[in-house]
Amino acid sequence: MKFAIITLACLASLASASELRLPLPGLIRTLHPHLENEMINTNAPFVRVVGGNDAGYGDAPYQIAMIRSGSFICGGSLIGSQTVLTAAHCVHGYENNPSVFNVRYGTNDRTRGPTVAVKKVNRHPQYDSYTIDYDVATFVLSEPFTPSANAAVIPLATSVPADGSSLILTGWGRLSSGGTLPTKLQKATELKVVPKTTCAQAWSSVNSITNRMLCAHSKKQSACNGDSGGPLIQDNVQVGVVSWGSSSCLHATYPNVYANVANLRSWIQANS
């Protein structure tokens, strides 16, 4: 059985097979070049529906949909009146071209709702596309978003959540590896924090788990392509940003990995 790290971004357009291909970071392209053009086997036993449920109105008022050149690409979160937090890999290569981005907010339907333009993209200067370290970026919006019951700022964590504690994940990512993108926002509530040592051991042959990373896992629920950049929440505080994981998305033993908000908080605040 083959595994690859994938960054969890995804273009919504389904026009061609190449647009459905899972993006692989440089480290895996180097170590496993055969995976570059390999399509996911959706009949494999490790491919299962990512088991979230439709989010209710007001369940995740901080959630945004990132639109690039008219297509949904990633998630993100409102962390200030004019600031969005997302993943660095979602904006990589477009740092100097903010006009291609728009942010849709205040909606649980990624195809409908108010949008606001982006006037500046800040990608962490130490982001590494090979190791997917320092995987955070911020958008400065062209104008403040309009607050509502379904549009509000989420506070940032000041400390790393305890091992084994519960987390909440939301996003419009694929419902299975290589599967469809939902229109309605999905919510997963069964994720648990995985100890760093356990996560590092699981991924030891593939990638390093750094202090800028936070691991979470459930055998029933998982982030997948399109969830990238979205918020991982504990007690109404954002603790993580969806970053990378197994090519199967949901896997029995491989945790998904998130950017560690508490560790990266100073840079995020300085670029808000």
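This report walks through the confidence, nonpolar cores, disulfides and salt bridges of a predicted model.

## How far to trust it

Let's start with confidence. The protein chain has a mean pLDDT of 84, and 80% of its residues come in at 70 or more. Two stretches fall below 50. One covers residues 11–25; the model still gives this stretch 42 contacts beyond near neighbours in sequence. The other runs over residues 34–49, where pLDDT stays under 50 and the model has 38 contacts beyond four places in sequence.

## The main core

The largest nonpolar core is built from 43 residues. If you want to find its best-connected members, look at Met-66, Leu-85, Val-91, Phe-101, Val-103, Phe-139 and Ile-268, which have the most contacts inside it. Plenty of elements chip in: strands S3 (63–68), S4 (71–80), S5 (83–86), S6 (101–105), S7 (115–123) and S8 (137–141), along with helices H3 (88–91) and H5 (261–270), each supply at least two residues. S4 is the top contributor, giving 5 residues to this core. Both domain 1 (47–54 + 154–262) and domain 2 (63–153) provide residues here, so the core lies between them.

Val-103 is a good spot to zoom in on. Leaving aside residues up to four places away in sequence, Val-103 touches Ile-64, Ala-65, Val-84, Pro-114, Thr-115, Val-116, Val-118, Phe-139 and Leu-141. One of these partners, Phe-139, is itself on the list of residues with the most contacts inside the core.

## Three disulfides

A search of the whole structure turns up 3 disulfides. Number the bonded cysteines in sequence order and the pairing reads 1-2, 3-4, 5-6.

Take Cys-74 and Cys-90, joined with an S to S distance of 2.1 Å. This pair connects distant parts of the chain, with Cys-74 in strand S4 and Cys-90 in helix H3, 16 residues apart. The torsion about their S-S bond is about -90°, so this disulfide is left-handed. Cys-74 and Cys-90 are both buried. Next come Cys-199 and Cys-215, with S to S at 2.0 Å. Cys-199 sits in helix H4 and Cys-215 in strand S11, again 16 residues apart. The link of Cys-199 and Cys-215 is left-handed too, with -75° about the S-S bond, and both cysteines are buried.

Then there's the pair of Cys-224 and Cys-249, whose sulfur atoms are 2.1 Å apart. Cys-224 is in the loop between S11 and strand S12 (231–234), while Cys-249 is in the loop between strand S13 (237–246) and strand S14 (256–260), so the disulfide ties together parts 25 residues apart in sequence. Here the torsion about the S-S bond is about 65°, so the handedness is right-handed. Cys-224 is buried, as is Cys-249.

## Three salt bridges

The structure also holds 3 salt bridges. Lys-187 pairs with Asp-59, with the closest N and O atoms 3.7 Å apart. Lys-187 belongs to strand S10 (residues 186–194) and Asp-59 to the loop between strand S2 (53–54) and S3, so this bridge ties together parts that are 128 residues apart in sequence. Asp-59 has 33% relative accessibility and counts as partly exposed.

Glu-95 and Arg-123 make another bridge, their closest N and O atoms being 2.2 Å apart. Glu-95 lies in the loop between H3 and S6, and Arg-123 in strand S7, so the two connect parts that are 28 residues apart in sequence. Is each of these partners buried or partly exposed? Glu-95 has 19% relative accessibility, which makes it buried, whereas Arg-123, at 25%, counts as partly exposed. Finally, Asp-133 bridges to Arg-212, with 2.7 Å between the closest N and O atoms. Asp-133 is in the loop between S7 and S8, and Arg-212 in the loop between helix H4 (196–202) and strand S11 (213–217), so the pair ties together parts that are 79 residues apart in sequence. Asp-133 and Arg-212 are both buried.

Technical notes. Residues numbered from 1 in each chain as written. Predicted model: local features only at pLDDT ≥ 70, side-chain atom pairs only at ≥ 80, totals over all residues. Heavy atoms only, no water. Core = buried A, V, L, I, M, F, W, Y, C linked by side-chain atoms within 4.5 Å. Buried < 20%, exposed > 50% of the residue type's maximum accessible area, 1.4 Å probe, protein only. Helix = DSSP H or I, 4+ residues; strand = E, 2+ residues; numbered from the N terminus. Domains from an automatic or database assignment. Contact = heavy atoms within 4.5 Å. pLDDT = per-residue confidence, 0-100. Salt bridge = Lys/Arg side-chain N within 4 Å of Asp/Glu carboxyl O. Disulfide = S-S within 2.5 Å.
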